[in-house]
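Reader: I am new to reading protein models. Could you take me through this one, step by step?

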Amino acid sequence: MAIYRVGDGMDLVLESQSPTVLAIGAGTGRTGLIWNLDYWQDMTRTLSLVLTSSVIALVIGIPLGILMAKSNVAQTIIQPILDFMQTMPAFVYLIPAVAFFGIGTVPGVISSLIFAMPPVVRMTNLGIRQVPSDLIEAADSYGSTSWQKLVKVQLPLARKTIMSGVNQTLMLALSMVVTASMIGAMGLGTDVYFAVGRNEAGSGFTAGLAVVIIAIILDRITQLVNKPEH
Amino acid sequence: MEKVKVEHLTKIFGGHNKQVRSMIEAGKSKAEILKATGSTVGVSDISFDVQSGEIFVIMGLSGSGKSTLIRMINRLIEPTAGKIAIDGEDLTQLDKKQLREVRRHKMSMVFQQFALFPQRTILDNAAYGLEIQGVGKEERYAKANKALDRVGLNGYADQYPDQLSGGMQQRVGLARALANDADILLMDEAFSALDPLNRKDMQDELLELQADLHKTIIFISHDLNEALRIGNRIMIMRDGRLVQIGTPEEILTAPANDYVERFIEDVDRTKVITVGSVMIRPYTVNVDTDGPRLALRRMRDNEVSTLFVINNRRELVGFIEARDTVKLIEDDHDRSVRSIKSIVNPDVKTTTVDTPINSIIDEISSISAPLGVLDDQQRLIGVVIRGAVLAAIAGD
């Protein structure tokens with residue numbers, strides 16, 4: 001199972017590192033807190049779940065968004081599917097994921113992936129379609145191929161919009177952590193889930209806090225990429 | 001030599017092509033066709049040719065189809081019917097790849113809103129056309145720099161478009177077109193977004209460049225003054241139809257119909273140009289301090305036969321003429337006359353700075369003396385002479 005291996009591999013990498021590696025540029029205080037609360041291992045599992053599902057969502061989502069932007073037919077077909085994916089309660093995705101992949105991290109990744117993918121598809125489509133028409137005309141009038149137009153004009157100009165889609169996708173994947181823990185995707189979500197079951201407000205909050213810290217770090221990293229060039 | 005030949009070019013937006021075309025042939029108007037079929041006629045059955053090295057201006061108001069027409073010449077908009085031949089090669093028959101080659105090597109376009117790529121430097125913008133042709137970095141930068149030099153933008157290569165003013169951005173647009181070294185320039189209202197002074201500068205520059213480069217330029221404009229200034233020939237369009245093709249002289253002297261005539265009337269120079277732009281510095285003599293000999297000397301020095309007479313407060317009193325002054329001096333045997341008061345003619349015609357010159361034409365053609373220009377405190381600030389008014393009307 002390729003996805004499983006990717007997730008597992010990332011797990012290993014993160015678990016073998018000291019907290020300071022992740023702390024570079026992200027604020028030692030915050031990750032230090034996670035370490036202190038004894039959530040480091042759970043955090044690495046959560047992070048690997050989030051990153052794995054996000055990366056796969058982006059790898060599928062961005063090309064899909066480009067396809068949508070380039071073809072009106074594709075847009076008409078994909079749009080309702082995205083609506084469906086986003087409005088269907090996330091719990092529902094757990095059922096087929098478990099049916100196909102059993103209990104564990106893999107179905108967690110699959111359901112997070114489905115839930116988190118729509119924003120990046122939509123934003124890629126929107127970003128490319130929002131490129132001013134006279135710039136497209138300029139690119140065409142100088143004899144650009146479709147690929148040249150995409151790479152030299154459309155994607156650079158859509159970058160900000162696409163990056164906010166990437167950001168949204170990461171955040172949504174993170175928000176699936178607790179839901180995914182119900183089907184055995186271990187991590188911070190599991191701590192929250194158990195805390196709810198045992199009525200332990202304290203440990204629920206601390207685990208939740210660890211999720212928030214990851215969210216803030218991921219959010220700041222994606223925003224860093226999005227800062228203006230000149 | 002014919003560079004571009006357009007035959008029966010038609011563009012219909014919204015389908016029903018057959019029906020619409022038969023209605024066009026039957027001479028139905030754009031509005032009638034829209035009502036009957038729901039389709040808009042962008043351009044209807046236009047034929048013209050452009051000679052090599054010519055500036056061909058396509059003129060019309062918004063909605064006349066001129067932008068659609070220029071976009072059909074490089075097939076940014078697909079024609080519904082008709083032919084476009086460049087150097088004898090029919091563009092409408094080309095496949096995507098051949099069309100790309102034509103766009104890369106035969107024509108370049110300049111856009112109304114500049115259409116520069118905001119994330120690229122000025123140099124990379126100018127080099128865009130070469131970059132997509134796969135020209136190596138060194139060669140394309142050398143050519144792009146040369147093109148930027150031509151439009152007076154050396155030193156701006158590393159800036160970004162949003163750091164430049166509108167006029168400079170359009171120079172980059174022009175440089176991008178020149179860097180490709182294509183024979184044909186398509187300029188879509190290229191100077192319309194600029195302020196009047198910048199627009200005039202750019203027109204001058206385009207004419208200078210053209211004197212050097214001998215490109216074939218198809219220029220879209222909604223401004224007849226611009227068309228008259230830069231066009232070797234002008235084509236006037238209305239509602240997608242061709243109204244008249246001719247040299248500026250032909251358009252002005254033999255307008256094809258009422259529509260063109262109204263156009264020409266609208267740009268009547270005498271209504272637009274004011275006294276302020278044709279007045280010159282006045283030659284004056286002060287009635288309170290200056291005598292006849294000084295006045296005569298000043299006339300000789302400046303080679304004029306009349307001088308305006310002002311007082312100490314620079315208010316206009318009248319004018320004196322050379323022969324009266326000479327007579328005054330000759331009659332003055334004992335050299336006792338110190339003043340010119342006796343020969344001042346108070347009957348002087350005046351006007352103000354913002355009067356359009358059409359309202360002073362009658363006056364200036366009936367009197368021989370120049371017209372004084374006064375400010376609101378009745379002080380003399382300039383004069384209008386007949387020659388300057390005529391030159392302004394002629395458009396120099």
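The questions below go through the two chains in turn.

Author: One point comes before the rest. This is a predicted model.

Reader: Which kind of secondary structure element does chain A have, helices or strands?
Author: Count the elements of chain A. There are 0 strands. Read along the sequence, the pattern is α-α-α-α-α-α-α-α-α-α-α-α. So chain A has 12 helices.

Reader: What percentage of the residues of chain A count as buried?
Author: The cut-off is a count of neighbours: a residue is buried if 20 or more other C-beta atoms lie within 10 Å of its own. Chain A has 230 residues to sort in this way. The buried share is 43%.

Reader: What share of the contacts in chain A, with a separation of 6 or more, comes from residues 24 or more positions apart?
Author: Take the contacts in chain A with a separation of 6 or more. Then pick out those between residues 24 or more positions apart. Their share is 76%.

Reader: Is Pro107(A) buried or exposed?
Author: Start with its place: Pro107(A) lies in helix α7 of chain A, residues 105–129. Leaving out residues up to four places away in sequence, Pro107(A) touches several others, among them Leu94(A), Phe101(A) and Ile183(A). Now count neighbours. Pro107(A) has 24 C-beta neighbours inside 10 Å, so it counts as buried.

Reader: How far apart are the C-alpha atoms of Pro107(A) and Thr76(A)?
Author: Along the chain, Pro107(A) and Thr76(A) are 31 residues apart. In space, their C-alpha atoms are separated by 29 Å.

Reader: Which element gives the largest share of the side of chain A that touches chain B?
Author: The contact involves 16 residues of chain A and 17 residues of chain B. On the chain A side, the elements that give two or more residues are α8 (133–141) and α9 (146–175). By class, this side has 6 nonpolar, 6 polar and 4 charged residues. The largest share, 6 residues, comes from α8(A).

Reader: How far apart do the C-alpha centres of domain 1 and domain 2 of chain B lie?
Author: First, the bounds in chain B. Domain 1 covers 2–106 + 182–267, and domain 2 covers 275–394. Their C-alpha centres lie 51 Å apart.

Reader: Which feature does UniProt place at residues 278–335 of chain B?
Author: The end C-alpha atoms of residues 278–335 of chain B lie 40 Å apart. This span is 38% helix and 24% strand. The UniProt entry, which is unreviewed, gives the feature as "domain: CBS".

Reader: And which feature does UniProt place at residues 28–264 of chain B?
Author: Residues 28–264 of chain B are 43% helix and 22% strand. The end C-alpha atoms of the span lie 26 Å apart. The unreviewed UniProt entry gives "domain: ABC transporter".

Reader: Which strands stand at the edges of the open sheet in chain B?
Author: Follow the order of its 6 strands: β6-β7-β8-β3-β9-β10, with mixed pairing. Each edge strand has a single partner strand, so one side of each is left without a neighbour in the sheet. The edge strands of chain B are β6 (107–110) and β10 (241–246).

Reader: Which helix packs on this sheet, touching β6 and β7 of chain B?
Author: β6(B) and β7(B) run parallel, joined by 4 bridges. In one of these pairings, Met107(B) has Ile184(B) as its bridge partner in β7(B). The helix makes about 175 degrees with the direction of β6(B). It is α8 of chain B, residues 166–179.

Reader: Is Ala115(B) buried or exposed?
Author: Ala115(B) lies in the loop between β6 and α5 of chain B. Its phi is near 55 degrees, a positive value in a residue other than glycine. Most residues other than glycine have a negative phi. With 23 other C-beta atoms within 10 Å, Ala115(B) is buried.

Reader: What about His214(B), buried or exposed?
Author: His214(B) also has a positive phi, about 50 degrees, although it is not a glycine. Its loop runs between α9 (196–213) and β8 (216–221) of chain B. His214(B) has 12 C-beta neighbours inside 10 Å, so it counts as exposed.

Conventions:
Residues numbered from 1 in each chain as written. Chains lettered and ligands numbered in written order. Predicted model: local features only at pLDDT ≥ 70, side-chain atom pairs only at ≥ 80, totals over all residues. UniProt positions renumbered as here; feature names shortened; annotations may be inferred. Contact = placed C-beta atoms within 7 Å. Nonpolar A, V, L, I, M, F, W, Y, C, P; charged D, E, K, R; others polar. Domains from an automatic or database assignment. Pairing = 2+ DSSP bridges. Axes fitted to C-alpha atoms, helices over the stretch in contact; angles between N-to-C directions.
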